[in-house]
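Dear colleague,

I am passing on the structure we talked about, and below it you will find my notes on what turned up when I went through it. Please read them with the structure open beside you.

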Amino acid sequence: MISVIIATYNSESTLSKTLDSLFQQTDKNFECIVIDGNSNDSTLSILKNYKIKFSKVGLNLFFKSENDEGIYDAWNKGLNHAKGDFISFLGSDDWYDNKTIQIVNDCISDNSFSEQNFTIVGNRRMYSIDGKYLKTKFTSKYWKVYYPFKMPFSFMAMFINKNIFKEIGNFDDSYKFSGDYDFVMRMIKNKKEFIIIDNILLNMSKGGFTNSPKFFIKCAKEDLKVWKKYYGYISYLFFLRKNLLNLIFYLRDGFVRK
């Protein structure tokens, strides 16, 4: 079974689309865990309605709402409730294709012989905040060539064996933006196996705070912290290379890091 973990905070405008994408999955062998950061809009009402809707077709939707210290703290709380063999993390403004769970479960079955606890990684489509298709981001099979310079995968398009968390630990919630990057670097350093599949698993919205200069600067600082942790002072070369490119992309068409 797959556990899909969603962190929410005042997500009333997007959450229904996200949950509908789960409800419409062709393979129902999953559970949904929502950790809410004490929203003060209609997020909790939406969750209550979908919990009833899910239960009518035999799907489990668990949610709890309380103050947290950010998305990585919320994800760690979600892991405490996860019963699945594989874990995925879905943004409250993102959505799966209808066959995402089926594709991943088929891949899990096909690779059950793997000697290591593996992670499945797929592709993603990007959309503007008003729903216009922008582009498709493909995961390169040659990610090892460039991974020190940037996040090699879309974290939301990853399905991670639960045993990996037991072996290398959960998310470092001292990060506010780069905790997923730090976790992937830990996976790589611990020689975990990544199975790249040529399927689009995820649809993501581009917009809001992730397009702001403030977000750009804070992400850059946290990325540098991650690089220094794993590469020492050579990380400054990574920092300059990546963020000069990101600055060009930001000035051209807006920056997004997801």
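**A charged pair in helix α3**

K77 is buried, with a relative accessible area of 16%, which falls under the 20% cut-off. Please keep in mind throughout that this is a predicted model. The side chain of K77 meets that of D73 in a salt bridge, with 3.9 Å from N to O, and D73 is likewise counted as buried because its relative accessible area is 13%. The two residues stand four places apart in helix α3, so about one helical turn separates them. As a general point, an α-helix has 3.6 residues a turn, so residues three or four places apart point the same way.

The pair does not stand alone, since salt bridges that share partners join K64, E66, D73 and K77 into one network. Within that network, K64 and E66 form a salt bridge of their own, at 3.8 Å from N to O. Here the surroundings are described by other values: K64 is partly exposed at 26% relative accessible area, and E66 is partly exposed at 29%.

**The helix around that pair**

Helix α3 covers residues 71-81, and eight of its eleven residues are buried, so that the helix is mostly covered. The buried residues are Y72, D73, A74, W75, N76, K77, G78 and L79. What lies over them includes the strands β1 (2-8), β2 (30-36) and β4 (86-89), together with the helices α5 (162-168) and α6 (179-189).

**Salt bridges elsewhere**

Over the whole structure, the search finds eight salt bridges. One of them pairs D20 with K53, whose closest N and O atoms are 3.4 Å apart. D20 belongs to helix α1 (residues 15-23) and K53 to helix α2 (residues 43-55), so this pair ties together parts that are 33 residues apart in sequence. Both ends are partly exposed, D20 with a relative accessibility of 22% and K53 with a relative accessible area of 33%.

**The nonpolar core**

The largest nonpolar core has 67 residues, and those with the most contacts inside it are L19, L22, F89 and F155. Strand β9 (residues 193-206) gives the largest share of this core, namely seven residues. If neighbours within four places in sequence are left aside, F155 is in contact with W75, F89, I160, F171, D180, F183 and V184; among these, W75 is one of the buried residues of helix α3.

**V226 and its surroundings**

V226 sits in helix α7 (residues 213-231), and its relative accessible area of 0% makes it buried. Again leaving aside neighbours within four places in sequence, V226 is in contact with Y175, S178, Y181, D182 and M185. The C-alpha atom of V226 is separated by 8.6 Å from that of G179, although the two residues are 47 residues apart along the chain.

**Cysteines**

How many disulfides does a search of the whole structure find? The search finds zero. As for individual cysteines, C32 counts as buried at 0% relative accessibility, and C107 also counts as buried, at 9%.

With best wishes

Definitions and conventions. Residues numbered from 1 in each chain as written. Predicted model: local features only at pLDDT ≥ 70, side-chain atom pairs only at ≥ 80, totals over all residues. Heavy atoms only, no water. Disulfide = S-S within 2.5 Å. Buried < 20%, exposed > 50% of the residue type's maximum accessible area, 1.4 Å probe, protein only. Contact = heavy atoms within 4.5 Å. Salt bridge = Lys/Arg side-chain N within 4 Å of Asp/Glu carboxyl O. Core = buried A, V, L, I, M, F, W, Y, C linked by side-chain atoms within 4.5 Å.
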